[in-house]
Amino acid sequence: MTPRRITTRLSILAALAAVALSGCGKPGDQTSRTAPATSPAPTAAPVGGESGRAPIAGDASAKAMLQVLEGNAVALSQQALSRNVSGSVADFAREVVAAHHGAAAEDAGKGGPGDAEKIAAQAAKGQAQLQALDQEKDDSAYMNAYMATMVRSYSDALAVIDAELVPAAQQEATKQELQQARKRIAEQLERAQALASARY
């Protein structure tokens with residue numbers, strides 16, 4: 001093969017590698033698979049078998065719902081740590097608690113008028129997940145169930161943020177808070193997906 005052909009082939013390979021890498025990104029970045037895709041107007045997020053409910057409205061409700069979403073993740077991870085999960089699962093659970101420090105579903109408040117029931121329903125969903133996980137008595141089965149639950153919980157949280165919370169927010173400070181939370185959740189979701197693909 002001539003030097004010219006080798007140079008041409010190397011150029012083509014370098015170009016292909018650049019194209020492939022351009023499709024990758026950090027969690028939450030525009031090129032990430034969990035990149036923001038917010039709705040132009042509040043739309044009830046179709047998560048957890050819900051249907052037919054109206055979306056939440058306003059900054060107070062958006063903040064309260066975010067507190068519940070992050071608080072549910074913290075509660076699941078605190079339960080996991082109390083069950084003495086080990087290795088990368090324990091590291092992940094500690095990361096979740098640190099990422100959402102101070103978030104507790106029970107401290108969320110009721111939000112704006114008419115939204116208390118929707119916010120309470122999200123908190124109840126978190127309680128149901130906790131109870132279901134607590135039924136797992138085998139340590140290995142528990143770790144697998146915890147990771148699968150965290151993937152579902154974070155995926156649902158992103159759907160709610162994109163479809164309802166960001167479009168419902170009216171104040172710029174609230175929108176920024178939601179976008180920062182979305183980035184945190186996207187990062188944790190990608191880590192959860194990687195860990196859930198293993199068996200414990």
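The crossing of α2 and α3 is left-handed, and that pair is a good way into this predicted model. Overall, you're looking at six helices and zero strands, so to speak an α-α-α-α-α-α pattern when you read along the sequence. Of the protein's 200 residues, 40% count as buried. Take the contacts with a separation of 6 or more: 78% of them come from residues 24 or more positions apart.

**How α2 and α3 pack**

- Two numbers do the job for any packed pair of helices: the angle between the axes and the distance between them.
- Here, α2 (residues 59-82) and α3 (residues 87-99) meet at an angle of about 145°, and their axes sit 9 Å apart.
- On the α2 side, the contact is made by Ala73, Val74, Ser77, Gln78, Ala80 and Leu81.
- On the α3 side, Ala90, Ala93, Arg94, Val96 and Val97 make the contact.
- Sort the residues of this contact by type and you get eight nonpolar, two polar and one charged.

**The loop between α2 and α3**

- Asn84 sits in the loop that runs between α2 and α3.
- Most residues other than glycine have a negative phi.
- Asn84 has a phi near 60°, which is a positive value in a residue other than glycine.
- Asn84 counts as exposed because its relative accessibility is 64%, and the cut-off for exposed is over 50%.

**Helix α3 up close**

- The 13 residues of α3 should span 18 Å at 1.5 Å a residue, and the end C-alpha atoms are indeed 18 Å apart, so the two agree.
- Buried in α3 are Val89, Ala90, Phe92, Ala93 and Val96.
- Those buried residues cover an arc of only 160° around the axis, so they end up on the same side of α3.
- As background, an α-helix has 3.6 residues a turn, so residues three or four places apart point the same way.
- The partners that the buried residues of α3 pack against are α2, α5 and α6 (172-196).

**Helix α4, one face in and one face out**

- Helix α4 covers residues 116-134, 19 residues in total, and goes 27 Å from its first C-alpha to its last, close to the 27 Å expected at 1.5 Å a residue.
- The buried set in α4 is Lys118, Ile119, Gln122, Lys125, Gly126, Gln129, Leu130 and Leu133.
- Looking down the axis of α4, the buried residues fall within an arc of 140°, so they line one face of the helix.
- Over on the other side of α4, Glu117 and Gln131 are exposed.
- Among the things covering the buried residues of α4 are α2 and α5 (139-168).
- Ala124 also belongs to helix α4, and it counts as partly exposed because its relative accessibility is 45%.
- Ala124 and Asn72 are 52 residues apart along the chain, yet their C-alpha atoms are separated by 9.4 Å.

**Around α5 and α6**

- Ser155 is a residue of helix α5, and at 31% relative accessibility it counts as partly exposed.
- The C-alpha atoms of Ser155 and Leu189 are separated by 7.0 Å, with their positions 34 residues apart along the chain counted as the gap.
- Gln170 lies in the loop between α5 and α6.
- With a relative accessibility of 65%, Gln170 counts as exposed.
- Gln170 and Gly58 are 112 residues apart along the chain, and their C-alpha atoms are separated by 6.5 Å.

Technical notes
Residues numbered from 1 in each chain as written. Predicted model: local features only at pLDDT ≥ 70, side-chain atom pairs only at ≥ 80, totals over all residues. Heavy atoms only, no water. Axes fitted to C-alpha atoms, helices over the stretch in contact; angles between N-to-C directions. Helix = DSSP H or I, 4+ residues; strand = E, 2+ residues; numbered from the N terminus. Left-handed = near helix turned anticlockwise from the far one by under 90°. Contact = heavy atoms within 4.5 Å. Nonpolar A, V, L, I, M, F, W, Y, C, P; charged D, E, K, R; others polar. Expected span 1.5 Å × (residues − 1). Buried < 20%, exposed > 50% of the residue type's maximum accessible area, 1.4 Å probe, protein only. Arc of directions from axis to C-beta.
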